[in-house]
Amino acid sequence: MRLLILILSTVFATALYPPVANAQTPASASSPAQTQTQKAAPGTQTKSASSKKKASQPATPANKEEAQKLNPIVVTATRIPQPIDQIGTTITVVEDPQIQEQKIQRVADVLRQVPGVQVTQSGSPGSVTDVSIRGATPSQTLVLVDGVEVNAGATGSFDLANLPTDNLDRVEVLRGAGGSLYGSQAIGGVVNVLSQEGEGPPTASLLSAGGNRASSQQVGTISGAEGNLGYSGGLSYFSTEGYRPINDNSDNLALNGRLDYHLSDDTVIRGFARYIASNVSLPSFLVFDGVPLDSTAHQRNEFMLYKGEVEHHFGENLLARVSAFFVRQDLRVNAPPFPGGLVGGVPYFENDSIPEETRGGNAEAIYTWPHSFSGFRTLVGFEFLDRWLRSGSFCSFCQTVAPFGVGVTEFHARRQEYAGYLEQEGSFFNGHVLMTGGFRVDGNSEFGKEVSPAWSVAIPITQISTTLRGSYTEGFRAPAFDELFFPGFGNPNLKPEISSEWDGGFTTNFGERAALTTTYFSRRVKNLIVTVPCKVGPTCVFGSEAGNASRVDVQGVEVVPSLTIAKGLTLSGNVTVLDETHVDAPLPFASAFLTPPRPLRVAKHTASALLEYVRSGNFLPHDKINANLNYIFVGDRDDLTVSGVPPIANHSAYNLVNAVVSYTIGIPLKHVSNEEVFARVNNLMDRNYSQAFGFKAPTINVLAGVKLDFE
């Protein structure tokens, strides 16, 4: 119960004071921080099939890798493979090589370097970690794993705390509303985490590292192909004793695998599986009740995902794909009473169990028009989701009717979501104007139908290596189960949030040495779900409930430069400036505790920079030194105070510097193809800061280890 109220207070307070939006544009391919390369549809990315001249993707030049570096193929923006200079929306892709070079352990830390994305971690490793795109709330940001939606039905958001980077191919981030293709939750954008496809001779790797605070990381991966079967997989374990005086340890076990069976030249069968089990202590569990350290509270999370997919080419012009998937998330909290753990003078305890499941399927087809209509392709698809949730709490104050006290708070919820979408891609004026337009119709068993249209245009000007872009998109967010049904707080009459957004910008390449991308965007969200006052009664126990009572207008500018300073030395980064305004509907039962809406935990000014140095042949013929220095700045932002007086205060800006140095020896041994030693230092300057009030961020952490590659 206590955990649910904390989550609800954060979610609804963020909605009541909606955050400002971040602008995002695609970085140049020369930028090491945001390399953009896409090879297949979201969640499928087949390398073998992508090299064939099929309906889903035009033929590539002989030197495919060089062509993709100069003009990479992207897919998530439209679900149709396209060169990046033909895309009118904004997308960034961070690939596995860059992730490995920086020895980044979690997907959340990958996203910190992506323009327009802000990550908030509420404490030490393993604690709740939210992601925001263009200032949207976490529940307005859609997260996909191998193309499967994983946002929780309870809160509408996804906790990125324990999603590791092992066996990843890339992380794709679509900026701006994706409702015309992805439906609910995609108001701010889409994060798609994609697994490696196995190919080539069998390979394996082992990584072992350790550091201060008893931190330990172990990772093993395999990849390869035998005949028509490609396979890849990863197993990782991370543990730490944390950074607080007591009760701050956590551990995380993750397993994932992928199979690709090429039944014929035209048919591929794929399977995906992922399992994560984590345990994290909760030292700040009662911090908002005046208890600075909780010595007993801890949380267990379990996540599993299974997906099967069949893809078939019907001749040269038609590609069809059918998939089915299952996702289960289970959150359990145990907070026994302890000396000093008093809330309202009563020893506090809590036990929560919140399992939920999502089942669904997707079918889509891509048709490439005949040569007389060269440059035209059509996408049509259908999607179905069945969500189920059971939320239960037993705690000191879970009895929500008089007499208040020890009791149980629980509810069950279920709904079906179905959608159809259509998209048309066209090339005009001999390829000088490239347009994409479409719409999606979503049906929901609770609130009915929503239609989300979108269009985009790209104008590549090859003479000056510049691409002009513009787009308009609409989206929506269906109310989460907690917002609808949480006892004493939920409102079953909620409407979905509705958004409209447009942006425009350009990307210019200055030869192979530098690039610059600039984008301006503006978004309006109506029917914003916020906390509103209500008359205390059987359906309004806390004096407030969820309601559609606000509108937020957000706008932002983002600048993304990159520069090759010298051979092997590159510098890239981004700067984002945001602004927002609110218009609130008149509320009945006006309450003094409601303050004017302000964005929470989203800074108006953010920046990131990455300096990378690579040099080969230093001491041995095939050795390599790689050094990375990453700087992150998050400006002042409003946040909920721990004491509640005042309820909101300024949270000071922080600067974060992370450094990585690795040395690859490059001496083949009997079965070892490569040896690497490395060291990563997080929070190099040992800053004392927090990303959210009441949740102290980790101090300096040094992790050093070795990695072996086997063939």
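Here are some short exercises on this predicted model, each with a worked solution.

**Exercise 1. An aromatic pair**

Task: Classify the ring pair of Phe158 and Phe303, then work out where the two residues sit in the chain.

Solution: Start with the distance. The ring centres of Phe158 and Phe303 are 6.0 Å apart, and rings pair if their centres lie within 6.5 Å. Next, take the planes: they stand at 65°, and over 60 degrees counts as edge-to-face. The pair of Phe158 and Phe303 is therefore edge-to-face. Now place the residues. Phe158 belongs to the loop between strand S7 (148-149) and strand S8 (168-175), while Phe303 is part of strand S15 (residues 298-314). With their positions 145 residues apart, the pair links distant parts of the chain. Finally, check burial: both Phe158 and Phe303 are buried.

**Exercise 2. More rings, and charges over them**

Task: Find which residues join Trp369 in a cluster of ring pairs, and which rings have Arg134 and Arg415 over their faces.

Solution: Follow the ring pairs from Trp369 and you reach a cluster that also holds Phe376 and Phe428. Then turn to the arginines. Arg134 lies over the face of Phe521, 4.3 Å from the ring centre. For Arg415 the ring is that of Phe481, with 5.0 Å to its centre.

**Exercise 3. An open sheet**

Task: Which strands stand at the edges of the sheet S3-S8-S9-S6-S7, and why is one side of each left without a neighbour?

Solution: First, read the order. The sheet is open, has five strands and shows mixed pairing. Second, look at the ends: strand S3 (90-95) and S7 each have a single partner strand, so one side of each has no neighbour in the sheet. Third, step inside to S8 and strand S9 (residues 189-195), an antiparallel pair joined over seven bridges. Within that pair, Leu168 has Ser195 of S9 as its bridge partner.

**Exercise 4. Around strand S30**

Task: Trace the pairing of strand S30 (residues 624-634) with strand S29 (residues 605-616) and with strand S33 (residues 654-664).

Solution: Begin with S29, which pairs with S30 in the antiparallel sense over eleven bridges. Here Val614 is matched with Asn626 in S30. Continue to S33: S30 and S33 also run antiparallel, joined by eleven bridges. On this side, Ile632 stands opposite Leu656 in S33.

**Exercise 5. Disulfide and arginine**

Task: Describe the disulfide of Cys395 and Cys398, then decide whether Arg258 is buried or exposed.

Solution: The structure holds one disulfide. Its partners are Cys395 and Cys398, with sulfur atoms 2.1 Å apart. The angle about the S-S bond is 115°, and the link is right-handed. Both Cys395 and Cys398 are buried. Move on to Arg258, in strand S13 (residues 250-262). Its relative accessibility is 1%, so Arg258 counts as buried. The side chain of Arg258 makes a polar contact of 2.7 Å with that of Asp260.

**Exercise 6. Nonpolar cores**

Task: Which element gives the largest share of the largest nonpolar core?

Solution: The largest core has 31 residues, and those touching the most other members include Val107, Leu111, Leu160 and Val173. Helix H5 (107-111), strand S4 (117-121) and S15 are among the elements that each supply at least two residues of this core. The largest share, four residues, comes from H5. Apart from this core lies another, of 26 residues, including Leu331, Leu484, Leu494 and Ile529.

Notes: Residues numbered from 1 in each chain as written. Predicted model: local features only at pLDDT ≥ 70, side-chain atom pairs only at ≥ 80, totals over all residues. Heavy atoms only, no water. Phe/Tyr/Trp six-rings, centres within 6.5 Å; stacked < 30°, edge-to-face > 60°. Buried < 20%, exposed > 50% of the residue type's maximum accessible area, 1.4 Å probe, protein only. Lys NZ or Arg CZ within 6 Å of the ring centre and 35° of its normal. Pairing = 2+ DSSP bridges. Disulfide = S-S within 2.5 Å. Polar contact = N/O pair within 3.5 Å; in protein donor to acceptor, adjacent residues only side chain to side chain. Core = buried A, V, L, I, M, F, W, Y, C linked by side-chain atoms within 4.5 Å.
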